[in-house]
Amino acid sequence: MSQTDRVTTSESTLRDQVRDEIRSRISDGRYPAGARLVEQRLADEYGTSRIPVREALRMLESEGLVITVPRRGVVVASLSRADLEHLYNLRESLEAMAFRLAAARATPGEVRSLHRLLERMRAAVEGGDHREIVAVNTQFHSQVVEMAGNPYLGTALQPVDGRLRVMIGINHDYGRQFAEHEALIKAISDGDADRAAALAAAHVDASRHSTLDRYDEHGPAPAPGPATTPADADLRLLVVNPNISTSVSDLIEAEARRAANPGTEIVMRTAESGVAYIETRLESLLAGPAVAELVAQAGTTADAVVVAAFGDPGLPALKELVDVPVVGITEAALATASLLGARMSIVAISERITPWYRDCVERNGLLGRLASIRSLRDPLHGIGTVQDDFGPELVRLANQVVTEDGADVVILAGAPLAGLAREVADQIPVPVVDGVAAGIAQAEALVRLAPGPARAGSYAGPPAKAHRGLSPALAAALEAAQNRD
C-alpha cells in the first residue's frame, strides 16, 4: 500500500469513528436536538483535524441526524412524532424479515455470539449503563441483519440507520428489551422462523409505544444519568478532581455550579488513578499524569480548565499542554485572598498537608503574606464527610487564625471543603475564600478577558521531539502543543 493509500484509509477510518461517536452522543442525549455542533470544538475533542469532522457531519446530514441552519451552522435535527411513526413502520417490516431469515439459516456459532451480546446487555442493565445498553442493542440488531444473509436488506436500512439508532437510544425500557432479546434468540436457536418474525414485530411495536410515551413536542425525554447542558452554552469549563474520590467530585461539582454564571457549562471529571485525597508531594506527583490525561481527553473542548485540588497537581506544566486558561484552585484562592487582605491564613484538613501547602504558597510568590496554616488534628472518618464530621472545629480554627495569627483573610483549603465557606461566612469575622468557587470565578474572568494563548515565554508549548508510551489522547494533545503557532 502506498503512503497515499495509507493516509486515505486512515482518514476514512477516522471519519467513520467520529461519525459513530457523534451519532452515539445524539442517540443518548448528550447532543440534544437543537445543539450546535462546532467543527473546531469537535476536532479538538476527538484529537483530529477538522476534515474528518466535516466529512462525518456531512454523512450524518445525509442520515437526517443533523441539519445546517443559516447563521447557526450545523445543529442536531429533531424527530417529530410523525417521523417516529414512519420509522417504526419501516423498522417493523424490515426487522421481521431479518429475524425470519436469520432463524432459517443461523449457525451455532452465530447463536453463541448473540448469547454473548445478551450477557453484555444483562451486565449493562444491572449496572444502569445507558451508553453500553444502546451500543449492545444496536450491535444485536445489526448482527441479526448480517445473519439474514440478504445484502439488500442492509442496503435498505442504510439510509435510515442513523435515525434508527437514535430511536434505540430514546427507548429506556431496559428490562423489557432484555427479556424480548432473550426470547428472540431462543426462536433463532430453535430455527423457528415464523415465531422469530412474530416476536420481532411485537418487539418493535412495544418499543414504538414505549418511545412515543416518552416523546412530547420538545422531543425525547433525556436518557438516565447526569444532566447535560446545551452544546452552545456561553462558556464551558472542564473541572478536574485529581483525587479518585467521587464523593469529593460531588462536592466540587455542586460548588462549581453554584459559583458559575448561568451561561457556564460545568464538565466534571474525576481522576482514574491516584489516591483518595492528596496530602503529600509524592501523592501530588502521582496525580499529575491522571490530570494530564483528563485534560488531554477533554480540555481542548473547554474554554478553560480548573484543577480542583488544593496544591494544584500538574500545574504549572498543564499550562504548556493546552492553549486555554488552566487555573488551579490554590493559585485562584491565593490570588483572591491577596485582593481581600494583607495577610492570609489557610485552614487545612490534616497536619501532613502543611509542608506541601507552604511550598505551594511559596511557589505562588505569597509566602511573605502567609500568616499561618492550621489544620485538623484528628484522623478523618471519610474524605467526603469532612464538613459534617468537623464543621465546628474548622470554624474554630478559622477564628483562631484571625485572633491569634492576625489573618485578614481565611482560605478553607482543599476540595473536601468545597461549599463550606458559603455556610460559615457569618461565623468568621473576616472574608472567607473557597478554592473551588475562586477557581471557577477566575477561569470565567480569564476567558472573558481573552488574553490569548502562550506562544512564547515559559508557558509556550514544548519543543517537538519523539515520545513513547502515551495514550492516544495525550499523544495527540502533546503533538498539538508542540506544533502550536
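**Long-range contacts, salt bridges and a surface leucine patch**

Among contacts in the protein between residues at least 6 apart in sequence, 72% join residues at least 24 apart. This figure, like every other value here, comes from a predicted model. The chain has 485 residues, and 48% of them count as buried. Its secondary structure comprises 19 helices and twelve strands. The accessible surface of the protein amounts to about 22200 Å², and carbon and sulfur atoms account for 52% of that area.

Charged pairs offer a good way into the fold. Side chains of opposite charge can pair when their charged atoms come close. The structure holds 25 salt bridges, and three of these pairs are worth a visit in turn, among them the one between Glu39 and Arg50, with an N to O distance of 3.3 Å. Glu39 belongs to helix α2 (residues 39-46) and Arg50 to helix α3 (residues 50-62), so this salt bridge ties together parts of the chain that are eleven residues apart in sequence. The two partners differ in accessibility: Glu39 is buried, at 18% relative accessible area, whereas Arg50 is partly exposed, at 38%.

A salt bridge within a single helix is found in α11. Here the side chains of Glu255 and Arg258 meet at 2.8 Å, N to O. Both residues sit in helix α11 (residues 246-259), and because they are three residues apart, about one helical turn separates them. Glu255 is buried, with a relative accessible area of 0%, while its partner Arg258 counts as partly exposed at 46%.

The next pair spans a longer stretch of sequence. Arg281 and Asp359 form a salt bridge through their side chains, with 2.7 Å from N to O. It links distant parts of the chain, since Arg281 is in helix α12 (residues 281-298) and Asp359 is in helix α15 (residues 354-363), 78 residues apart. In this case both partners are partly exposed: the relative accessible area is 46% for Arg281 and 32% for Asp359.

Salt bridges can also be followed beyond single pairs. Toward the start of the numbering, Arg15, Asp16, Arg19, Asp20 and Arg23 are linked in a network of such bridges.

Helix α12, already met through Arg281, also contains Leu285. This leucine is exposed, with 60% relative accessible area. Together with Leu282 and Leu286, Leu285 forms a nonpolar patch on the surface, and the three residues share about 320 Å² of accessible area.

A closer look at one loop residue rounds off the picture. Asp405 lies in the loop between helix α16 (386-403) and strand β11 (409-412). Although it is part of a loop, Asp405 is buried, with a relative accessible area of 18%; the value falls under the 20% limit, so the residue counts as buried. Its side chain makes a polar contact of 2.7 Å with the side chain of Ser372. Leaving aside residues up to four places away in sequence, Asp405 touches Arg343, Ser345, Ala371, Ser372, Arg374 and Gln400. Ser372 thus appears twice around this aspartate, as one of the residues Asp405 touches and as its partner in the polar contact.

Methods. Residues are numbered from 1 along each chain as its sequence is written. This is a predicted model: local features need pLDDT of at least 70, side-chain atom pairs count only at pLDDT 80 or more; totals for chains, interfaces and linings use all residues. Side-chain values use heavy atoms; hydrogens and water are left out. Helices (H or I, at least four residues) and strands (E, at least two) are DSSP runs, numbered from the N terminus. Buried means under 20% relative accessible area, exposed over 50%, partly exposed in between (1.4 Å probe, protein chains only). Contact means heavy atoms within 4.5 Å. Accessible areas come from the Shrake-Rupley method with a 1.4 Å probe; for residues, only the protein chains shown count as cover. A salt bridge is a side-chain nitrogen of Lys or Arg within 4 Å of a carboxyl oxygen of Asp or Glu. Patches are made of residues with over 30% relative accessible area and no salt bridge: like charges are joined within 9 Å, nonpolar side chains (Val, Leu, Ile, Met, Phe, Trp, Tyr) within 5 Å. A polar contact is a pair of N or O atoms within 3.5 Å; within protein, one must be able to donate a hydrogen and the other to accept it, and residues adjacent in sequence count only if both atoms are side-chain atoms.
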